[in-house]
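Here are some short exercises to work through with the model on your screen. Try each task yourself before you read its solution.

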Amino acid sequence: MAGLSYVRVEMLPEREPPVSEVGLIGWLKSNLFSGWFNTILTLISLYFIYALVSSILPWLWSPTWAAQSLNECREIVSDLGKEHGGACYGVIRERWQQLLFGFYPDELRWRPILTLILLFVALAPVLFTEAFPAKMLWFTGAFLFLAPWLMWGGVIWTPLLVAAGLVIGFYAFKFSAGAIGNLAAIILAIALPILWWMFAIGPISQGLASIIPFGIEVVESRLFGGFMLSVWIGVVAIAISLFLGVVLALGRQSELMIVKYLSVGFIEFIRGVPLITLLFVASTLLNIFMPPGTNFDIILRVMIMATLFASAYIAEVIRGGLAALPRGQYEAADALGLDYWKSQRLIILPQALKISIPGIVSTFIGLFKDTTLVSIIGLLDPIGLTGSIRADANWNGIIWELYGFIAILFFISCFSMSRYSMWLERKLRKGHQ
């Protein structure tokens, strides 16, 4: 049998894969028509999708943007001969600014718009650290005090004095930690700024304003409303609750008994109480415990309660990330001779926060959506404004259009947060590899 071989001595030329296995046809075959059962399910699903779309599209495709009332919308729709009616977009055209800004004065709406633009500038070095210089973080810190001044107005000295309280707390801890111990220094660093904010800011700010009256027009909190109010409450609560959540998570694992029990008590109490209960406490009961004549802004009260509520949940999410770290990471930090704060800042917390990203973002998205609960206590967020809009005789009976517009606003915001979370996870995963 000379000349025969059981081993191929030359390679066959490559051939194109079958058309039924690649491209759109291959995807349809493998995902939708892979068997008789999946084929039946696909056909049934396509029928339901067709029935749903065919009933919704005629309602959405409605040329009623120029209508001045609900009755005018109905006349336009009836002239077109639509059987299922159509959406009345005239209310969106007429009231979209109110849904966005509430009753904020028209001539001053440049201030919340500027605040929103500066918010993205301030977040840029935090969210995209590699694309922006670290020096921009100074503006991020300054924005925390610039934004309230732009929104509420008043003299410039008030936000500057509030920032000075943080400086006082920092130096109080720095110079007293070695003399009185870390725990006492922490208590002192917290107590001094609180006393400064409660008793010193008012007289000093008034004195400086009488000398140099530099400021902008004051806007009362009762004029805040719309989607602007939801964003304002959500951004403040999200930013501060992340910091407090980290502190509470570390406090819960602390070896200092007082710090640990205070952290555990706070977290368990807040997590055991619904947010709406805390909002009612902020709107009604909190004034009872304040000194007579104290004017504690309702929006500030809501921000404080929303922040405390979110911080308790963030603390548990971060605690889960800390618990997921191998014990060897802690031992490695000790082997390097790092103290507690350096080991947390350089080794432990970066890894724990990376693990906790999905839970943190989910908590933030839930908190942002929960800002609509403020309508129950009388604040005019987008949901609260729908009642006043429908109270107008021209728009009495409008429901779906208003709620649909609000749903789109919240969907864009929440979807953007979830997309950023997924991008950050992929980025950190590649960096780890």
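**Exercise 1. A residue and its contacts**

Leaving aside its neighbours within four places in sequence, which residues is Ala 189 in contact with?

*Solution.* Keep in mind that you are looking at a predicted model.
- Step 1: Find Ala 189 in helix 8, which covers residues 182–211.
- Step 2: Skip the neighbours up to four places away and look for contacts; you should find Gly 169, Ala 172 and Phe 173.
- Step 3: Take Phe 173 and compare sequence with space: it is 16 residues from Ala 189 along the chain, and the two C-alpha atoms are 5.2 Å apart.
- Step 4: Decide how covered the residue is. Buried means under 20% relative accessible area. Ala 189 has 16%, so it counts as buried.

**Exercise 2. One face of a helix**

Work out how the buried residues of helix 11 are arranged around its axis.

*Solution.*
- Step 1: List the buried residues of helix 11, which spans residues 275–285: Leu 275, Leu 278, Leu 279, Ala 282 and Ser 283.
- Step 2: Look down the axis of helix 11. These residues fall within an arc of 130 degrees, so they line one face of the helix.
- Step 3: Ask what covers them. The cover includes helix 10 (257–271), helix 12 (298–324) and helix 14 (340–370).

**Exercise 3. Two sides of a helix**

Which residues of helix 3 are buried, and which are exposed on the other side?

*Solution.*
- Step 1: Helix 3 runs over residues 70–80, and its buried residues are Leu 70, Cys 73 and Val 77.
- Step 2: Around the axis these residues cover an arc of only 55 degrees, which puts them on the same side of helix 3.
- Step 3: Turn to the other side of helix 3, where Asn 71 and Asp 79 are exposed.

**Exercise 4. Buried, partly exposed or exposed?**

Sort Met 257, Asp 297 and Ser 418 by how accessible each one is.

*Solution.*
- Step 1: You need the cut-offs: buried is under 20%, exposed is over 50%, and partly exposed is in between.
- Step 2: Met 257, found in helix 10, has a relative accessible area of 57%, so it is exposed.
- Step 3: Asp 297 sits in the loop between helix 11 and helix 12. Its relative accessibility is 21%, so Asp 297 is partly exposed.
- Step 4: Ser 418 belongs to helix 16, residues 400–432. Ser 418 is also at 21% and therefore counts as partly exposed.

**Exercise 5. Sequence distance and spatial distance**

How many Å separate the C-alpha atoms of Asp 297 and Arg 222, and those of Met 257 and Phe 224?

*Solution.*
- Step 1: Asp 297 and Arg 222 are 75 residues apart along the chain, and their C-alpha atoms are separated by 9.5 Å.
- Step 2: Met 257 and Phe 224 are 33 residues apart along the chain, with 43 Å between their C-alpha atoms.
- Step 3: Add the contacts of Asp 297: not counting residues up to four places away in sequence, it touches Trp 152 and Ser 221.
- Step 4: Do the same for Ser 418, which touches Val 361 and Ile 365 under that rule.

**Exercise 6. The chain as a whole**

Describe the protein chain from its overall numbers.

*Solution.*
- Step 1: Count the secondary structure: 16 helices and two strands.
- Step 2: Check the radius of gyration. The chain has 29 Å, whereas a compact globule of 433 residues would have a value near 22 Å.
- Step 3: Picture a box of roughly 100 × 80 × 40 Å along the principal axes, filled by the C-alpha atoms.
- Step 4: Note the burial: 34% of the 433 residues are buried.
- Step 5: Finish with charge. The chain has 28 positive and 26 negative side chains, and the centres of the two sets lie 8 Å apart.

Conventions: Residues numbered from 1 in each chain as written. Predicted model: local features only at pLDDT ≥ 70, side-chain atom pairs only at ≥ 80, totals over all residues. Heavy atoms only, no water. Helix = DSSP H or I, 4+ residues; strand = E, 2+ residues; numbered from the N terminus. Rg over C-alpha atoms; globule rule 2.2 N^0.38 Å. Buried < 20%, exposed > 50% of the residue type's maximum accessible area, 1.4 Å probe, protein only. Lys, Arg positive; Asp, Glu negative; His and termini not counted. Charge placed at Lys NZ, Arg CZ, Asp CG, Glu CD. Arc of directions from axis to C-beta. Contact = heavy atoms within 4.5 Å.
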